[in-house]
Amino acid sequence: MIESNGEYFQLRTAVPNDVGAVMAIERQSFIPRIQEQEVVFSERISAFPHGFLLLERENGAAAGYFCSELWAAPAYGAAAFSLGHAISESHSPDGTVLYVSSMALDSDLRGRGLGAQLFAQSLRAVLAACPQVRLMQLVVNEAWRGAKAIYERAGFRETARLAGFFPAEQDGVHTCGIVMDCSRECTR
């Protein structure tokens, strides 16, 4: 159970029927040029259910999601982090690297500390289901200061920069992607 400003939320494993709610949150969280497609989320839920979690309000409405996959080794090049990559090509069920591919929160819930709780509790849940994980990795847009702060507070540190990785709303404008890593021990 997660609490924020007197409101309670539940974290659970996502199921295929949740894709519509996940897409609604995706659309309000990211510009169209970096939104994942429904088919990508459907594949990720099917391929690694322990790694795709949904945050729900008390009334059952979706409030956020956390999506991840397991990799055999860490990555530091842009190709590994590409938008829409097929999880079937990268996911390794016995992988020791947990790649956090996406996380988003309903826009009306931001700024209340709920994102940090969603991130921390999701990591704990996935790590409990995957004891072989030794390293966690993600990529964040350098412009997303709030998200980067959540990851830093959780123990993640910058390990690489991907120049011009994220497109902006204006054509031709791009921002850096920051690759961040954290050992399993940093979450204890």
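Start by selecting helix H2, residues 38-47, and colour its buried residues: Val 40, Phe 41, Arg 44 and Ile 45. Buried here means under 20% relative accessible area, exposed means over 50%, and partly exposed is in between, using a 1.4 Å probe and protein chains only. Helices (H or I, at least four residues) and strands (E, at least two) are DSSP runs, numbered from the N terminus. Now look down the axis of H2: the buried residues fall within an arc of 135°, so they line one face of the helix. That arc is taken from the directions from the helix axis to the C-beta atoms. The background is simple: an α-helix has 3.6 residues a turn, so residues three or four places apart point the same way. Flip to the other side of H2 and you'll find Val 39 and Ser 46 exposed.

A quick word on what you have open. This is a predicted model, where local features need pLDDT of at least 70, side-chain atom pairs count only at pLDDT 80 or more, and totals for chains, interfaces and linings use all residues. Residues are numbered from 1 along each chain as its sequence is written, and side-chain values use heavy atoms, with hydrogens and water left out.

Next, show what sits over the buried residues of H2: the cover includes helix H1 (19-29), strand E3 (52-57), strand E4 (62-71), helix H3 (87-90) and strand E5 (97-105). Contact means heavy atoms within 4.5 Å.

Zoom out to the whole protein. There are 5 helices and 8 strands, running along the sequence as β-β-α-α-β-β-α-β-α-β-α-β-β. For 188 residues, a compact globule would have a radius of gyration near 16 Å, and the protein's 15 Å agrees; the value is taken over C-alpha atoms, and the globule rule is 2.2 Å times the number of residues to the power 0.38. Of those 188 residues, 47% count as buried.

Turn on the surface and go to the largest pocket, which holds about 770 Å³ of space. Select Phe 30, Met 103, Trp 144, Ala 147 and Tyr 151, the closest to its centre of the 36 lining residues. A pocket, on a 1 Å grid over the protein atoms alone, is an open set of points where a 1.4 Å probe fits, with protein on both sides within 12 Å along at least five of seven lines; lining residues have an atom within 4 Å of a point. Grid points are joined across faces, edges and corners, and the volume is the space filled by probe spheres set on them. Colour E5 too, since E5 gives the most to this lining, with 7 residues.

Now pick Phe 156, in the loop between H5 and E7. Phe 156 is buried, at 0% relative accessible area. Beyond neighbours within four places in sequence, Phe 156 has contacts that include Phe 119, Leu 123, Tyr 151 and Met 180.

Hop to Thr 175 in strand E8, residues 174-183. Thr 175 is buried, with a relative accessible area of 18%. Among the residues it touches, leaving out those up to four places away in sequence, are Asn 141, Leu 162 and Phe 165.

Last stop: Asn 5, in the loop between strand E1 (2-4) and strand E2 (7-13). Asn 5 is exposed, at 61% relative accessible area. Check its backbone as well: Asn 5 has a positive phi of about 50° although it is not a glycine.
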